[in-house]
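Reader: I'm new to this one and would like to know what stands behind the labels people put on it. Can we go through them together?

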Amino acid sequence: MNVPGDLKYGRTHEWAREEGDLVVVGITHYAQDQLGEVVYVELPEVGNGAAAGDELGTLESVKAVSEFNSPVGGEVVEVNERLEEEPNLVNEDPYGDGWLVKISGTVEGEDLLDAAEYTAMIEAEGA
Amino acid sequence: MHPWVGAGDDDRRRILAELGLTSIDQLFASIPDGVCVDRLPIADGADEGTVRAELASLGLANLSLDCAPSFLGAGVHRHVQPSVVDAVLSRAEFFTSYTPYQPEITQGTLQAIFEFQTLICQLTGLEVANASLYDGATALVEAALFAHRVKRGKLDRVVVAETVHPMYRRVLDTYAAPASLEVVVVPPRENGRTDASDLRAAAGDGLTCCVVVQSPNFLGLVEDLPAVAGAAREAGALAVQVVAEAVSLGLLSGGGTHGFDVVCGEAQSFGLAPGFGGPHLGFFACREAQIRQMPGRLVGETVDSGGRRAFCLTLSTREQHIRRAKATSNICTNQGLMALAATVWLEAIGGRGLRQLAAACLARCEDLKRRLAAVGGGWRLAHPAGPTFNELLLIGPGTGAELARRLAERGVLAGVPARTWGGSWPDGLIVAATERTTVADVDALVRAIGEAT
Amino acid sequence: MKRRALRDEPLIFERNPGRARRQGFVLPPLDVPAVDPASVIPAELLRHDEPGCPDVGEMEVVQHFHRLSQLNYAVDEGLYPLGSCTMKYNPRLNEQTARFPGLASIHPLQPPEQVQGALRLIWELERALLAITGMAGVTLQPAAGAHGELAGILMIRRALAARGDARSVVLVPDSAHGTNPATAAFAGYEAVEVPSAEDGTVDLEALDRLMTDRVAAVMLTVPNTLGVFEHQILEISRLVHDRGGLVYMDGANLNAFVGRALPGRMGADAMHINLHKTFSTPHGGGGPGAGPVVVSETLVPHLPVPRVVRDGESFRVVHDDPASIGPMRGFFGNFLILVRALTYIRSLGADGLREMSSTAVLYANLIRHRLAGAYHLPYRSPSLHEVVLDDSRQAARDIHNVDIAKRLLDHGFHPPTMSFPLIVHGALMIEPAESVPPEEIDAFCDAMLAIAAEAEASPEVVRGAPHDTPVSRVDEVRAARQLKVRWTPEGSS
């Protein structure tokens, strides 16, 4: 499983990457693999506030629905509108074009895992 | 040993031996003694001839619609029945199959449902239709709950014209309380039609999730759909059309054409037996933008691994087996075989045929109105100016129930008492005509009213 | 499954491309004056197009559906072991009786004196279901199992309200059908999950902890979706009743114990019965079913209306009762399905029903016995009418339950229910029912064993299945991503 070393991770399988004063959020390679081919992404409305751990939206495969949560507190400033037409990006490029939302905030002070901790967590889950 | 159980005593003994058991009772050891029973207190089974005769005698204790002039309607109508419909329904490949979870071996059912969805879209003027619901009454319920979801659960008011089938409204009341919906009923004007401004006033601003009318309505009158859709839009609500006589859609344009967001109702008229009220066929159509809030099953087109066209169930993530407590409906088994019947019926009748059939209903109803306008005894048309499709309200000096009873004694099923479920309209009879109504039937009705009053 | 139509069958809308005038049916002659619709109804409300269905001849319609039928698997084809669906034989006698004109051609709003036979039939089926379950009251109105669940939970809600004890939670085991939590939510309750114990039954300690004074009801499937009987059922119902709650039993699996045990003695307050499972009415490609609900004395006052009441030798209908939850749907239910169920019950009788459930349980245990070596059995508790296996042995070779299911199609069998119950990863839930001869059970087991062997020897064959069906593996992802749910003249959209 691909777990980039420069990202922070939530326990519900989201990743977070700081870009200026924004935090880009997506789901991990492991999470998309567990879910299977994503057919629909329900994204939050821009302007919604979220505390860390709040549900932001849902991802659907053919046979499952999975919620994703905000790894950080802040306000939703942008959502990945390409996913409306191309939900497959979540599978094909989960850390790149398959990002989900951008949130005004910071990973500082949030209860997040680093790559090694997250890798240990998913290895324990798979066992 | 019964012929409908596949194993005989010898077979069961052999299998027990293979399992290393001596008695079938051993397999049931996990059931506590306190709940067990040795023998059910019901009769012994009977042979085919005996059971057939028993059921036949129950049937003979009823007056079949085939044996008397009937003007009964109110959501259950008697239309032509091409023999191909029952022939297709009797094919074991259809009726002994189940929900097409395995698309590779159920393309027959899937394609038929895809055709059904398409036909419902064409008739209602909307973009997407589901694979069926239980009946017209529960279709109304699902429409209200759908609108509530589309409005994100924030608008709890449902404005319903009183001229929506009162039985359907009663069913809505059953579901509304636990769903925290407030149902506001808007009575018709004296002309029997619902006034859009009354609906608009009842809906308020930003309070109502949907405005519901039935057209043709319970009293037989066609509602002013463009005005209703406009009123709903102004109030920030969805516009919902209920249809209780689906054949009307052969002549009248569906609500989708007039800006309605949902058209739903009862499609028993498309080839289903009256059957003492069921099984019938609920249908539901809406706009594609709201498809993810739609209740019930849905078939989509796709391809197989060889690139050939194929069909499968789709958007199942809306449904209870995946989304559980957050599903758009708890419906699982729907009315699949009835949707197949409607599909066969519509395809046998054809588009041109449906239009002719609906026009014949209208012509027979106009003839009926002409005859009843002069029937005497104080009985008259409540709304002589119409506009009606194939039902009308007959009013007079007595109650509808009393008139129906007196005419039934004379062998005529004259109609449904208009206040069966209450109502603000004058008491009387809802009288229906279809393409199967004959001049002789109408003669019998007119004669019987003359004798009875 | 080798059978297929000899030609591809187009959509009906693609037939008759030249839109030639053809006639599929002749309408009765119009012997009254024709009327211009616009003289009666405002022109803007009239349809200007013809509905798009092409005109085709009668034989075209028959061939169309004949060819489509050839693409379907069905109970009459072979074993259809969908767990929790009870795909049994649909007796032809049922189909005959449901078509008697005196039953099919009657209107639900005819005066009661004209439909005494229909009312008696309802009353007799009610008495039979009460005797079979040992309960106090019954409604035949619900149209399907999930609809019955909702009726039952609404009655519970009403009974608690009458006690002045409104509650907010319904407890649902984690092994339950999805309809249970969906029903609870539709009835205005929060659905809270109860974990299963190691043997797959309800964890009594967890239930004890969760069963607070906020809990209106516990929904239990008996036997549960693993086919395991809740052997502590009496302790569970006592616990729930002691704390002021009521017990809802999901009767989807009634086929396991008809004629042997009575829900009325288990402490049930409401239970739906799927007539299209236990009582042999056809599944119809997805309904119509029927979901009568039997209830305890506590809920009798709240049964839906209309109700059929017997007065001596005649029957009448009660339309109003302020204590009732009201009607769940139009009229009396799926009446012609009720006709079929009564036909079945009268044919089998007390002995036949017991023979039926005994054989169903025997067959399920034969399958368990034969397959538990080749497939992993996640719960070893004794099971009744169905057995749940999983794909964990095959998953090591990247063969999953869906691959096993698709390969079964090549062997001419319908697959079991997959990926359910949710507490078993990669589940294969097998319910054979009692109708087929034992040779069919053996042939199914042989096929399952052959697939298990194939998963070792040539896994790519299993992964690529099916190879011998009317269409090959269907792209469900594409169906969901590029929605086409209707045909349009430009092609489907």
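**Asking what the labels rest on**

Author: Sure, let's begin with one glycine: just after helix 9 of chain B, B:G236 takes a positive phi of about 75°. Keep in mind that this is a predicted model.

Reader: What makes residues of helix 9 of chain B count as buried, and which ones are they?

Author: A residue is buried if 20 or more other C-beta atoms lie within 10 Å of its own. In helix 9 (residues 225–235) of chain B, the ones that pass are B:L225, B:V228, B:A229, B:A231, B:A232 and B:A235.

Reader: How do you know where they sit around helix 9 of chain B?

Author: They cover an arc of only 160° around the axis, so they are on the same side of helix 9 of chain B. A general point helps here: an α-helix has 3.6 residues a turn, so residues three or four places apart point the same way.

Reader: And what do the buried residues of helix 9 of chain B pack against?

Author: Their partners are helix 8 (196–203), strand 4 (208–214) and strand 5 (238–243) of chain B.

Reader: Zooming out, why is chain B called as compact as a globular protein of its length?

Author: Chain B holds 13 helices and 13 strands. Its radius of gyration is 25 Å, and the globule rule gives 22 Å for 453 residues; the two are close, so chain B is as compact as a globular protein of that length. The C-alpha atoms of chain B fill a box of roughly 80 × 55 × 50 Å along the principal axes. Buried residues make up 64% of the 453 in chain B.

Reader: How many domains is chain B divided into, and what is known about how they touch?

Author: There's domain 1 (67–80 + 351–452) and domain 2 (84–343). The centres of domain 1 and domain 2 of chain B, taken over C-alpha atoms, are 27 Å apart. Their contact takes 29 residues from domain 1 and 27 residues from domain 2 of chain B. On the domain 1 side, helix 11 of chain B gives the largest share, 7 residues. That side of domain 1 of chain B divides into 15 nonpolar, 11 polar and 3 charged residues.

Reader: What makes residues of chain B and chain C count as touching, and how many do?

Author: Two residues are in contact if their C-beta atoms lie within 7 Å. By that test, 171 residues of chain B are in contact with 174 residues of chain C. Helix 11 (residues 336–373) of chain B gives the largest share of chain B's side, 24 residues. In all, chain B's side has 91 nonpolar, 50 polar and 30 charged residues.

Reader: How do you know that strand 8 and strand 9 of chain C are paired?

Author: Pairing asks for at least two bridges. Strand 8 (residues 307–311) and strand 9 (residues 314–318) of chain C have 5 bridges and run antiparallel, so they count as paired. One example is C:V309, whose bridge partner in strand 9 is C:R316. The two strands form a hairpin with 2 residues between them, and C:G312 in the turn has a positive phi of about 60°.

Reader: Back in chain A, why are strand 1 and strand 5 called edge strands?

Author: In chain A, 6 strands form an open sheet in the order 1-2-3-9-8-5, with antiparallel pairing. Strand 1 (8–9) and strand 5 (49–50) of chain A each pair on one side only, and that makes them the edges. Further in, 4 bridges join strand 3 (residues 22–27) to strand 9 (residues 101–104) of chain A. There, A:V25 stands opposite A:V101.

Note on methods: Residues are numbered from 1 along each chain as its sequence is written. Chains are lettered from A and ligands numbered from 1 in the order in which they are written. This is a predicted model: local features need pLDDT of at least 70, side-chain atom pairs count only at pLDDT 80 or more; totals for chains, interfaces and linings use all residues. Ala, Val, Leu, Ile, Met, Phe, Trp, Tyr, Cys and Pro count as nonpolar, Asp, Glu, Lys and Arg as charged, and the others, Gly among them, as polar. Domain bounds come from an automatic or database domain assignment. The radius of gyration is taken over C-alpha atoms; the globule rule is 2.2 Å times the number of residues to the power 0.38. A residue is buried if 20 or more other C-beta atoms lie within 10 Å of its own, exposed if 12 or fewer, and partly exposed in between; C-beta atoms are placed from the backbone. The arc is that of the directions from the helix axis to the C-beta atoms.
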